[in-house]
Amino acid sequence: MNNANVKTIMAREIGEIPDVLSRQIIEGLDLYLKAGQHASNLNLRGFVTCARGTSDHAATFFKYLIEMKTGLPVASIGPSIASVYKTPLKLTDFACVTISQSGGSPDLVALQRAARQGGAHTLAILNETDSLVGRDADTVLPVLAGPEKAVAATKSFVSSLFAVLGFVAGYTADRDLENALRDVPKLARAALECDWSAVQFALARAGSVLTVGRGPGLAVAAEAALKLKETCRIHAEVFSSAEVLHGPVVLAERKFAALVFDPSDQSASSARSTADSIRKKGADTFLISSDDSADLAVPDTDNAFLTPLIQILAFYKLVERLAFELGENADAPEGLNKVTRTI
């Protein structure tokens, strides 16, 4: 049997992502832009985010984009503040952004409700819009990923990043970003043609993997670490390139591997120097970039804010095949459920 021809549910869903992005351009982009424009008229003092797991990585992406482009603070509030500790929130002139695939977890519902009661405008970015979170939000943005059967979320994560980018483009009246978003499906198809198979052995033999990013790229580095754990049962931890040299680099040695996501922005030199430091410690180190120095190549983008989205697509293709080669069930990892309902 040719393993390359065996298609898991996860592989099929990854392959659908370019079409999902095309659908978002047609059916969703104007909604995202208008929601951003509306929020910009509210004279907000800042944002709070409400999310878990993979969706929380999308919230990290939102945090960096908003803070970089507007200077407004974005804070993540632990859902248990509302669901367990019942703390009244004080969020007048803030917006609460909930990101979720299912929109069904009770703790997310509780935090969104507490945020509204505390004076916040509530915005939900969801795949399942007809959900508890969706029905209770002031504004709902559908990510239009369609049914997602594999436990490990892929297309709903990428489509959440796209929705975030559209919202931020509208919020900041960034026409260059808006225009760049219309070329994303083409870039996504190119990303899925990337061949990263050469790194599989190094990841498979690693006792642990460091995933490293900075700025918006920290979001996809966190997502990569999660996917290595949940689909391949490979221990992985995420670090900012600004933090690795403050301690974690001492762990890097021959039993380690590192994936360093080049952000293609002002922090690129930080990512590259970190990759060099980890490599000198003896770990198998791979720089993910679009330029000639890349160990793992991705297509170049005209807008650095799109870079993380393209990088995670190429990574998803890698991690699905690695899980298969390791004999893991990436579609339904043992002990995990598609929808996690926490309190």
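**Briefing: two buried polar residues, a helix pair and a parallel sheet**

In this predicted model, the side chain of Ser100 reaches the backbone nitrogen of Ser102 at 3.4 Å. That's our way in; from there we hop over to Thr301, then to the H9/H14 helix pair, and finish at a five-stranded open sheet.

**Ser100**
- Ser100 sits in strand E3, which covers residues 94-100.
- Buried or exposed? Ser100 counts as buried because its relative accessibility is 8%, and the cut-off for buried is under 20%.
- Skipping neighbours within four places in sequence, Ser100 touches Ser55, Leu108, Ile125, Leu126 and Asn127.

**Thr301**
- You'll find Thr301 in the loop that runs between E10 and H14.
- Thr301 is at 13% relative accessibility, so it counts as buried too.
- Its side chain makes a polar contact of 3.2 Å with the side chain of Thr307, and also reaches the backbone oxygen of Asn303 at 3.0 Å.
- Again leaving out neighbours within four places in sequence, the contacts of Thr301 are Leu187, Leu306, Thr307 and Ile310.
- For a sense of spacing, take Ala150: Thr301 is 151 residues from it along the chain, and their C-alpha atoms are 29 Å apart.

**Helices H9 and H14**
- Helix H9 spans residues 184-191 and helix H14 spans residues 307-325; their axes come within 8 Å and cross at roughly 35 degrees.
- The crossing of H9 past H14 is right-handed.
- Which residues meet here? From H9 it's Val184, Leu187, Ala188 and Ala191, and from H14 it's Leu309, Ile310, Leu313 and Ala314.
- Sorted by class, that contact has eight nonpolar residues, with no polar and no charged ones.
- Two names from this helix contact, Leu187 and Ile310, also turn up among the contacts of Thr301.

**The parallel sheet**
- Five strands make up an open sheet with parallel pairing, in the order E7-E6-E8-E9-E10.
- At the edges are strand E7 (236-240) and strand E10 (296-297), each pairing on one side only.
- Inside the sheet, strand E6 (residues 208-213) and strand E8 (residues 256-261) run parallel and are joined by five bridges.
- One of the residue pairs to look up is Leu210, whose bridge partner in E8 is Ala258.
- What lies across E6, E8 and E9? That's helix H13 (residues 268-280), which runs at about 165 degrees to strand E9 (284-289).

Definitions and conventions:
Residues are numbered from 1 along each chain as its sequence is written. This is a predicted model: local features need pLDDT of at least 70, side-chain atom pairs count only at pLDDT 80 or more; totals for chains, interfaces and linings use all residues. Side-chain values use heavy atoms; hydrogens and water are left out. Axes are lines fitted to C-alpha atoms, for helices over the stretch in contact, and angles run from 0 to 180 degrees between N-to-C directions. Helices (H or I, at least four residues) and strands (E, at least two) are DSSP runs, numbered from the N terminus. A crossing is left-handed if the near helix is turned anticlockwise from the far one by less than a right angle, and right-handed if clockwise. Contact means heavy atoms within 4.5 Å. Ala, Val, Leu, Ile, Met, Phe, Trp, Tyr, Cys and Pro count as nonpolar, Asp, Glu, Lys and Arg as charged, and the others, Gly among them, as polar. Buried means under 20% relative accessible area, exposed over 50%, partly exposed in between (1.4 Å probe, protein chains only). A polar contact is a pair of N or O atoms within 3.5 Å; within protein, one must be able to donate a hydrogen and the other to accept it, and residues adjacent in sequence count only if both atoms are side-chain atoms. Two strands pair if DSSP finds at least two bridges between them.
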